[in-house]
Amino acid sequence: MNCQKTREAIDAGIGKSVLAGHLANCSDCESYSNELSSLLSLLREQPRVEVPTDFEFRLKARIARAQAGEVESAVMPGWVSKLWTGSFSWVQATAATAAVALVVSVSTYQIYQNNHEVPTGSPVAVSNVSGRAESPVVSDEAPRQTVPTSERLASVRQLRQIEPQVAAVEETSAPSIDPAATANSMNIFNGDQGRMITTSSQMMLIGAEGSNGTGVSGSRNIGYVPSI
Amino acid sequence: MDDHSLLAATREGDEAAFQEIVRRYRNQITNYVYRMIDDYDRAVDIAQETFVRVYMNMERYQATYSFSTYIYRIAHNLAITELRQRKRRRLIPLPTFFSDKDSEEVEVDLPDQGQVLADEAIIADERRQAVTTAIASLPEKYRAALVLCDLEEKSYEEISEVLGLPTGTVKSRINRARNLLKEKLRDIL
């Protein structure tokens, strides 16, 4: 047996009696063996520590706490539990704060964009086109998103077309209304045509639907009057 | 009653069976952790945490290998976590005052033979303290293998399972640890 094999055998704890032949003729290996024996003796002399007398008492309390914690974590989600017990690390807390800030910022921006969205013209003008000249911007109707974009764009185009007419009506139509003729009549703003019309309630009832007349006043050709 | 029978009884609600498991392993586990982290109070604390984990995960334990290996593995992982947390907190363990920057070379402050009182007990105590300090100064990967082999007297196969390493690596680490200790304790060997 050579020195390397002998030392491997010594390290593996094989007894000196087995290696006696080589050790008797090799002082290096014998020294190696003696040194290791001394070291192992020193290590085995090391005192073993023992647990304190209240070890089991404290262990029982600790297990009870762990069981209580397990019940608690079953009742509330982990992150709530961590928040409750304050066991978030600084990194986790910072990341959570950043995430909340990001969500709030994006949400605020989206709300701002929705409230100030002006494709062409103002929201009030769009409302006028749809026949609600005096309706407030905020309504309890269905959400804006339900109106198809194509419809909205068409309304805006229509508004652009009638804007000059509205201006003209404001300048000219009001003086042309005959006070005598309005004794039994009503002045109504036609949102589609962008002008004031005067009509009796009777004619309005008769002609309220489907007429394409363009008269400004009188009982003839009052035109389509959308809901006011 | 063997460990697996005690565990089965514990699962059935037998608290006395779990007490017996604690009684069998409490000192071994505490001793192992103490040798790893060189702090008795924390070693006791970690030993308790080891038993808490055993108890709380009783249902998940599968007897694929010995319970002894299983509990030592839990204790080892907790001890390593403790050492890493200490490094993160920059706590300097006492033994590193005697070691150089890579913790490989240790100048153990052994008593001058001429000044030692001729009291056998005191001499023995000094030697034990020197060995304790030298063990604690070993790099943790060598320390774990050495403590399990030469203090806890585990087989290579058990150490391999506890540390999750091939047997060859375990043998190599044990030899390396012993050689380092021989260097550190040359004056008293």
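E153(B) sits in the loop that joins α6 (140-151) to α7 (156-163) in chain B, where helices are DSSP runs of H or I with at least four residues, numbered from the N terminus. That loop is the starting point for the exercises below.

The model is predicted, so local features need pLDDT of at least 70, side-chain atom pairs count only at pLDDT 80 or more, and totals for chains, interfaces and linings use all residues. Residues are numbered from 1 along each chain as its sequence is written, chains are lettered from A and ligands numbered from 1 in the order in which they are written, and side-chain values use heavy atoms, with hydrogens and water left out.

**Exercise 1. Positive phi**

Find the phi of E153(B) and of D38(B), and decide how accessible each residue is.

Step 1. E153(B) is not a glycine, yet its phi is positive, at about 55°.

Step 2. With a relative accessible area of 53%, E153(B) is exposed; buried means under 20% relative accessible area, exposed over 50%, and partly exposed in between (1.4 Å probe, protein chains only).

Step 3. D38(B), also not a glycine, has a positive phi of about 60°. This residue belongs to the loop between α2 and α3 (40-56) of chain B, and its 28% relative accessibility makes D38(B) partly exposed.

**Exercise 2. Tracing helix α2**

Walk along α2(B): how far does the helix reach, what caps its N-terminal end, and where is the kink centred?

Step 1. Start with the length. Helix α2 of chain B covers residues 15-37, which is 23 residues, and spans 30 Å from its first C-alpha to its last. That is close to the expected 33 Å, the expected span being 1.5 Å times one less than the number of residues.

Step 2. Look at the N-terminal end. D14(B) provides the cap, with a side-chain oxygen 3.0 Å from the backbone nitrogen of A16(B).

Step 3. Now follow the axis. A kink of about 45° is centred on Y25(B); the bend at a residue is the angle between axes fitted to the seven residues ending there and the seven starting there.

Step 4. Past the helix, the chain continues with D38(B) from the previous exercise.

**Exercise 3. Salt bridges**

Which residues do R24(B) and E20(B) pair with, and where do the partners lie?

Step 1. Fix the rule: a salt bridge is a side-chain nitrogen of Lys or Arg within 4 Å of a carboxyl oxygen of Asp or Glu. Over all chains, the count is 17 salt bridges.

Step 2. R24(B) pairs with D3(B), with 2.8 Å between the closest N and O atoms. The pair joins distant parts of the chain, 21 residues apart: R24(B) in α2 and D3(B) in helix α1 (residues 3-11) of chain B. R24(B) is partly exposed at 27%, while D3(B) is buried at 16%.

Step 3. E20(B) meets R23(B) at 2.6 Å, N to O. Both belong to helix α2 of chain B and are 3 residues apart, about one turn of the helix. An α-helix has 3.6 residues a turn, so residues three or four places apart point the same way. E20(B) has a relative accessible area of 22% and R23(B) one of 44%.

Step 4. For one more pair, take R186(B) and E183(B), which meet at 2.8 Å. Salt bridges with shared partners also join R62(A), D39(B), R42(B), D45(B), E49(B), R53(B), E82(B) and R86(B) into one network.

**Exercise 4. Rings around the kink residue**

Which ring pairs with Y25(B), and which residues complete the cluster?

Step 1. Rings of Phe, Tyr and Trp (its six-membered ring) pair if their centres lie within 6.5 Å; planes under 30 degrees apart are stacked, over 60 edge-to-face, and the rest tilted. The structure has 7 aromatic pairs over all chains.

Step 2. The centres of Y25(B) and F67(B) are 5.4 Å apart with planes at 75°, so this pair is edge-to-face. F67(B) lies in helix α4 (residues 67-89) of chain B, 42 residues from Y25(B). Y25(B) is buried at 7% and F67(B) at 2%.

Step 3. F67(B) also forms a tilted pair with Y70(B), 6.0 Å centre to centre and 45° between the planes. Both F67(B) and Y70(B) are buried.

Step 4. Ring pairs link Y25(B), Y61(B), F67(B) and Y70(B) into a cluster.

Notes
Helix = DSSP H or I, 4+ residues; strand = E, 2+ residues; numbered from the N terminus. Polar contact = N/O pair within 3.5 Å; in protein donor to acceptor, adjacent residues only side chain to side chain.
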